[in-house]
Structure formats: structure tokens, C-alpha cells
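Student: I would like to go through this model one feature at a time. Where should we start?

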Amino acid sequence: MIYLHCTLSSGEFHTFRLPVPGLWLDILQKVKAAGFNTISVYTHMALINPSPGVIDFDHYRALRPLYEAAKQTGIWIILRPGPYINAETTAGGIAHWI
């Protein structure tokens, strides 16, 4: 068994507040330059699951571009799935149809 010991120095990044995946690499490079090695990211249920039976991980809701940018930058991701995220969002990010 291999154990990895590292100290996480994390900042918060809300991808839904910067809905342009092409800019995420630049943001993560700045996070890394600021001395952080990790970002914490919420998934926003109301955006991903806007109506019953609809799951949308396209465009700015996609996780792959974020993973690729983090991999390229050498930053860890702590993924924090909802449904409740608070983050000063309406209903705390919970889909309104519930």
C-alpha cells in the first residue's frame, strides 16, 4: 500500500460564476502562482439538473475542461457536489422544481 502525504492549501472556485471554460486554465495558473495546490469546486444542482429528468453537463457545467486545466496546472480538485451549496445562490443551489 502506498500512502501519499501532502498538505492541501486550497482556494474556492465556482465555475458557474465564470461560465467560460476557456478561461479556467488562466485562473488555475493564477491560483497556483498564489501558492495554492488545491481548489474546492461546487457542483450547482439547479444548473446541472434544471428540470425533472434533465441532466446537463455541457458548456460551463462540464467537469472535464476543469479536470484538464487542473491536471495541466498541477492542482488538486476537491469536488463538492450539492444539492445544497449555499454560495449565496438562490435556494442554496437546490433545483427549484424539487
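Tutor: Start with His59, which sits in the loop between helix H2 (45–48) and helix H3 (64–73). Keep in mind that this is a predicted model.

Student: Is His59 buried or exposed?

Tutor: The cut-off for exposed is over 50% relative accessible area. His59 is above that cut-off, because its relative accessible area is 62%. The answer for His59 is therefore exposed.

Student: What is the phi of His59?

Tutor: Most residues other than glycine have a negative phi. His59 is not a glycine, yet its phi is positive. The value is about 55 degrees.

Student: Which residue in the segment after S3 has a positive phi although it is not a glycine?

Tutor: The residue lies in the segment after S3 and is partly exposed, at 43% relative accessibility. Its phi is about 60 degrees, and the residue is Ala91.

Student: Is the peptide bond from Gly82 to Pro83 cis or trans?

Tutor: Pro83 is in the segment after S3. Most peptide bonds are trans. The bond from Gly82 to Pro83 has an omega near 25 degrees, and that makes the answer cis.

Student: How many salt bridges does a search of the whole structure find?

Tutor: Side chains of opposite charge can pair when their charged atoms come close. One such pair is Glu12 with Arg80, another is Lys30 with Asp26, and Asp56 with Arg61 is also found. The search of the whole structure gives three.

Student: How many residues apart are Glu12 and Arg80?

Tutor: Their side chains meet in a salt bridge at 3.2 Å, N to O. Glu12 belongs to strand S1 (residues 10–12) and Arg80 to strand S3 (residues 76–81), so the pair links distant parts of the chain. Glu12 is partly exposed at 40% relative accessible area, and Arg80 is partly exposed at 35%. The separation between Glu12 and Arg80 along the chain is 68 residues.

Student: By about how much of a helix are Lys30 and Asp26 separated?

Tutor: The side chains of Lys30 and Asp26 form a salt bridge at 2.9 Å, N to O. Asp26 is partly exposed, with a relative accessible area of 34%. Both residues are in helix H1 (residues 24–33), four residues apart, so the separation is about one helical turn.

Student: Do Asp56 and Arg61 count as buried or exposed?

Tutor: The closest N and O atoms of this salt bridge are 2.5 Å apart. Buried means under 20% relative accessible area. Asp56 is at 19% and Arg61 is at 15%, so by that cut-off both count as buried.

Student: In what order do the three strands form the open sheet?

Tutor: The pairing in this sheet is parallel. S1 and S3 stand at the edges with a single partner strand each, so one side of each has no neighbour in the sheet. Neighbouring strands are turned by 30 degrees against each other on average, direction ignored. The order is S1-S2-S3.

Student: Which residue in S3 stands opposite Thr38?

Tutor: S2 and S3 run parallel and are joined by six bridges. Opposite Thr38 stands a residue of S3, Trp76.

Student: At what angle to S3 does H3 run?

Tutor: H3 lies across S2 and S3. The angle between H3 and S3 is about 155 degrees.

Student: What accessible area does the nonpolar patch on the surface have?

Tutor: The patch is formed by Leu4, Leu8, Trp76 and Ile78. Leu8 comes from the segment before S1 and counts as partly exposed at 47% relative accessibility. Together the four residues have about 430 Å².

Student: Which residues is Ala95 in contact with, leaving aside its neighbours within four places in sequence?

Tutor: Ala95 is in the segment after S3 and is buried, with a relative accessible area of 4%. The C-alpha atoms of Ala95 and Ile48 are separated by 8.7 Å, although the two residues are 47 apart along the chain. The contacts of Ala95 are Met45, Ala46 and Asn49.

Student: What separates the C-alpha atoms of Gly35 and Pro81?

Tutor: Gly35 is in the loop between H1 and strand S2 (38–43) and counts as exposed at 53% relative accessibility. Gly35 and Pro81 are 46 residues apart along the chain, and their C-alpha atoms are separated by 25 Å.

Terms used
Residues numbered from 1 in each chain as written. Predicted model: local features only at pLDDT ≥ 70, side-chain atom pairs only at ≥ 80, totals over all residues. Heavy atoms only, no water. Helix = DSSP H or I, 4+ residues; strand = E, 2+ residues; numbered from the N terminus. Buried < 20%, exposed > 50% of the residue type's maximum accessible area, 1.4 Å probe, protein only. Patch = residues over 30% accessible without salt bridge, like charges linked within 9 Å, V, L, I, M, F, W, Y side chains within 5 Å. Areas by Shrake-Rupley, 256 points an atom, 1.4 Å probe, with all protein chains shown as cover. Pairing = 2+ DSSP bridges. Axes fitted to C-alpha atoms, helices over the stretch in contact; angles between N-to-C directions. Contact = heavy atoms within 4.5 Å.
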